[in-house]
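I am opening a notebook on this structure. The entries record what I looked up, in order.

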Amino acid sequence: MTQSTAAVGKSRRLQDFALLVACILAAWQALYMIVGDVAITSPVTTLGYAIELLPSSDFRPHLAASLTAFGNALLISYAGGVLLGLTLGFHRFSGEVAEPMLGALYSLPKIALYPIILQIFGLGLSAKVAFGALHGVIPVALFSMNAVRGINPMHLRTARVLRLSSIETVRTIVAPAIIPEIVTGLRVGFSLTLLGVLIGEMFASQHGMGFLLINAINLHDVKMITTLIFVLFLFATVTSAILLAIDRRLHVRV
Amino acid sequence: MTRAGSVRILVAAGLLLSLEICCRSGIINMTTMIPPSEMLGAIADLARSGRLLKESLPTFRNVTIAFVLAVGLGVIGGTVLHSLPRVRRVLDPLLASYYAVPFFALYPLFVVIFGLNDWPLIMIGIVFAGVAVVVSTLNGIDRVPPVLLKVARIYRMSRTAKVRLVILPAIALPLFTGIKLALAYSFIGILAGEFILASAGIGHAIAFAYDAFDNRTMYGLIAFTLILVTLMNMGLQACERLLLKGRSR
Amino acid sequence: MTLVREQGSPGSSGPSARPRELAPRSGPATVGASKLHAQLTGVTKLFPAPSGENPVHALGPIDMAVERGEFFAIVGPSGCGKSTLLDILAGLAAPTDGTVVFENKPISGAVPPGIGVVFQEDASFPWLTVWDNVAFGLRRAGLERGETTKRVEHWLRFMGLADFARAHPAHLSGGMRQRVCIARTLVLEPRMILLDEPFGALDQQTRLLMGDELLRLWRATGATVVLITHAIDEACMLADRVGVMTARPGRFADVAVTRWPGDRDSRIVSDPSFGQLTGRVWSILRDESIKAIGHAEGDIGGRSP
């Protein structure tokens, strides 16, 4: 009985999801019918072009370039952000000094920095990796720092009462307490690193999806613009849905 | 001032000073970056020639309009969405992934819809910034203690009275997280639009100076933008502290 | 300002010095129609189970009548539906079955005017000062300024909050915040005050003193008071009648009449009959609490005498 009702809930969620997709497609189609080919292509055309474009040898190098840059940027964002965040979290005074500065950096429109990044790194992979990491590192650091600050002091006192070694304390108390919050940070960092890399490619590269996008804008290739946005949107939504599910599962335990 | 505050100022000053020294001593090539003092000089020159005002006015006007509308529409949207839990659950992954996609690439679409004026840019700002406000409104309402909603019912409040008198004051602080992000995202959306296509505004001027190898102007404009955004952000933080005064638990 | 209504003030009805009867005895959960203030008939509450299994039978069927000006306390094991009962009585929740009548009018889905509720959780508005919290309802009702000031100041003084009028709740202790909530409720002069474990989060001494204050304001307002609590001594010390609830689904196992004088205070805890009363209530509640905790009866010391 329980299982069947859970299945009912799941099927309803699938239904809702299908309805959402249908609504988006309908709105898209309606928009297309109002503004026409000069601004956007229809869902059918876009989907057809996407299927044609994705496996083509013209496109694949750009996809690979974007994924390489994104992977590198993500690695730097995650490693740097978690390291910085944990340090600032455990060293209270540094955290107190750094928090408003990180907050200010978080809300800077880093897009204005692209000429500087270009001056320093030149056109190419390192510029877009730097741009991606620049966007991703701060949210990861902020979430990691707050994760450490949010550890229940009673739990740490319990660890001392139980005479746990520091390794045991980290393994059994600290890690389970901070991981869910850090994963939330990684999720936010994922989205922003992707945005950073794409912006970097648009303004500071000659390869990658972002470059294709800015190129299509300059050539006014509406079909290409719509298709690229569609593909990026699909990628970002699917990955963040997965990350969100992991995030939720970790938070339920707490 | 607190000890942390003084140390913070020292750290910031130290960073600027070392940048200055690096640039002056040639460790950082002058063609790559000009020293911070030169940036200030460039800002002063731009201000004196009147160019600063001319370039930045459209940008800040558009950002202000976009920011205000994004906050207003975001709060309304978030409140409505919170009352529709089923819709919200379906939209959740979209809200979470939203910022990964450079929607400002749809600028040409907005131009077709709104015409060749400031509105396409403002719309990009609103669309980009509004979602941050929607998300923080949702998070804020989630955390309103249920007992306060019960109190609203005991006072027999209408739905609008409940939102105005209980929910909005209760979420004011979490909402500020979204409001600060909204400022950042209105800037990102509008500067990106200006970089790509616009013929005016500070983003356009930066891109123009970059293409013309006019380093001094470019750095002046970038520094000016960053300083101004930081000041606006500090203003928002001051508002937040004012709200927090007395009611922090 | 007339805060004291003559009708049904228990202070005037009972003898003042000693309880009329030392041994507490049972009384009916219903009263004569003339003094009836609120009545529940066959009230039942089922909560739909999240997994779609059989719904949870939380409460009832319950019949209960509260007299005008009476102090009625409800004790019960945790999870027996006490708070649900209060929500239904307040109009905050609708019963699955049965009717609720307040002042001869059925309650349906909304809180009727004349009912004030104080919750266990801190329900003060953290963004308002103490003064503004207390004035909140009066301002909403559009009362003129002078009258608002007069009433707010009266209740701030009554609750010992006069010196904290300009403070925010965050700067007060838990007990003081609860006083703010009580003052905010009383300033509207409700004819029936419902309290859902209002002192649950306070320490024992503060609770006894808050109990005294509750008696004081009950006498001052003449309002009907329904108090939900898990503390037997609190219920027995404060109330005219104590309804003892069973484990879920909550029903009344017994209603004890305390027969305390109207001008009682917390010192009656030293009265020998107080011990008899609490002992009697506990003997019923003990079995029910064991059931609620989920032990077999034999696990904890067998049946009570």
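The entries below go from chain B to a sheet in chain C, then to salt bridges and aromatic pairs.

**Entry 1. Confidence**

I note at the start that this is a predicted model. I looked up the confidence of chain B and found a mean pLDDT of 86, with 98% of the residues at 70 or more. I then asked where in chain B the confidence is lowest and where it is highest. The lowest mean, 79, belongs to helix α5 (residues 107-114) of chain B, and the highest, 92, to helix α3 (residues 51-82) of chain B. I keep in mind that coordinates should not be read in detail where pLDDT is low.

**Entry 2. Chain B as a whole**

I counted the elements of chain B: ten helices and zero strands. Along the sequence, chain B is therefore written as α-α-α-α-α-α-α-α-α-α. I took its extent along the principal axes, and the C-alpha atoms fill a box of roughly 70 × 55 × 30 Å. Chain B has 249 residues, and 54% of them count as buried. I also looked at contacts in chain B with a separation of 6 or more; 73% of these come from residues 24 or more positions apart.

**Entry 3. A sheet in chain C**

I turned to chain C and found an open sheet of four strands there, in the order β3-β2-β5-β6, with antiparallel pairing. Why do β3 and β6 of chain C each have one side without a neighbour in the sheet? Both stand at the edges, β3 at 56-67 and β6 at 105-106, and each has a single partner strand, so one side of each stays free of a neighbour.

I next checked the pairing of strand β2 (residues 36-47) of chain C with strand β5 (residues 97-102) of chain C, which is antiparallel and runs over five bridges. In one bridge that I looked up, Thr41(C) has Thr99(C) in β5(C) as its partner. Helix α2 (residues 82-90) of chain C packs on this sheet and touches β2, β3 and β5 of chain C. The direction of this helix makes about 125° with that of β2(C).

**Entry 4. A loop residue in chain C**

I looked up Thr129(C), which lies in the loop between β7 (115-118) and α3 (130-140) of chain C. Is Thr129(C) buried or exposed? Its relative accessible area is 11%, so Thr129(C) is buried, the limit being under 20%. Leaving out residues up to four places away in sequence, I found that Thr129(C) touches Ala165(C), Arg166(C), Ala167(C) and His168(C).

**Entry 5. Salt bridges**

I counted salt bridges over all chains and got 28. One of them brings together the side chains of Asp87(C) and Lys150(B), at 3.1 Å from N to O. Asp87(C) is in helix α2 of chain C and Lys150(B) in helix α7 (residues 146-154) of chain B, so this pair joins two chains. Asp87(C) is buried at 12% relative accessibility, whereas Lys150(B) is partly exposed at 26%.

I then looked at Arg177(C) and Asp122(C), whose side chains meet in a salt bridge of 3.4 Å, N to O. This pair links distant parts of the chain, 55 residues apart: Arg177(C) is in helix α5 (residues 174-186) of chain C, and Asp122(C) is in the loop between β7 and α3 of chain C. Arg177(C) is buried at 18%, and Asp122(C) is partly exposed at 25%.

A further salt bridge, of 3.7 Å from N to O, is formed by Arg151(C) and Glu189(C). Arg151(C) sits in helix α4 (residues 145-158) of chain C and Glu189(C) in the loop between α5 and β8 (192-196) of chain C, so parts 38 residues apart in sequence are tied together. Arg151(C) is buried at 12%; Glu189(C) is partly exposed at 23%.

Back in chain B, I noted a network of salt bridges linking Glu38(B), Asp45(B), Arg48(B) and Arg216(B).

**Entry 6. Aromatic pairs**

I searched the whole structure for aromatic pairs and found 16 over all chains. The ring centres of Phe128(B) and Tyr185(B) are 5.7 Å apart and the planes stand at 85°, so I entered the pair as edge-to-face. Phe128(B) is in helix α6 (residues 119-142) of chain B and Tyr185(B) in helix α8 (residues 159-196) of chain B, so the pair ties together parts 57 residues apart in sequence. Both residues, Phe128(B) and Tyr185(B), are buried.

My last item is a cluster in which ring pairs link Tyr114(A), Phe203(A), Phe195(B) and Tyr210(B).

Definitions and conventions. Residues are numbered from 1 along each chain as its sequence is written. Chains are lettered from A and ligands numbered from 1 in the order in which they are written. This is a predicted model: local features need pLDDT of at least 70, side-chain atom pairs count only at pLDDT 80 or more; totals for chains, interfaces and linings use all residues. Side-chain values use heavy atoms; hydrogens and water are left out. pLDDT is the predictor's confidence in each residue, from 0 to 100. Two strands pair if DSSP finds at least two bridges between them. Contact means heavy atoms within 4.5 Å. Axes are lines fitted to C-alpha atoms, for helices over the stretch in contact, and angles run from 0 to 180 degrees between N-to-C directions. Buried means under 20% relative accessible area, exposed over 50%, partly exposed in between (1.4 Å probe, protein chains only). A salt bridge is a side-chain nitrogen of Lys or Arg within 4 Å of a carboxyl oxygen of Asp or Glu. Rings of Phe, Tyr and Trp (its six-membered ring) pair if their centres lie within 6.5 Å; planes under 30 degrees apart count as stacked, over 60 as edge-to-face and the rest as tilted.
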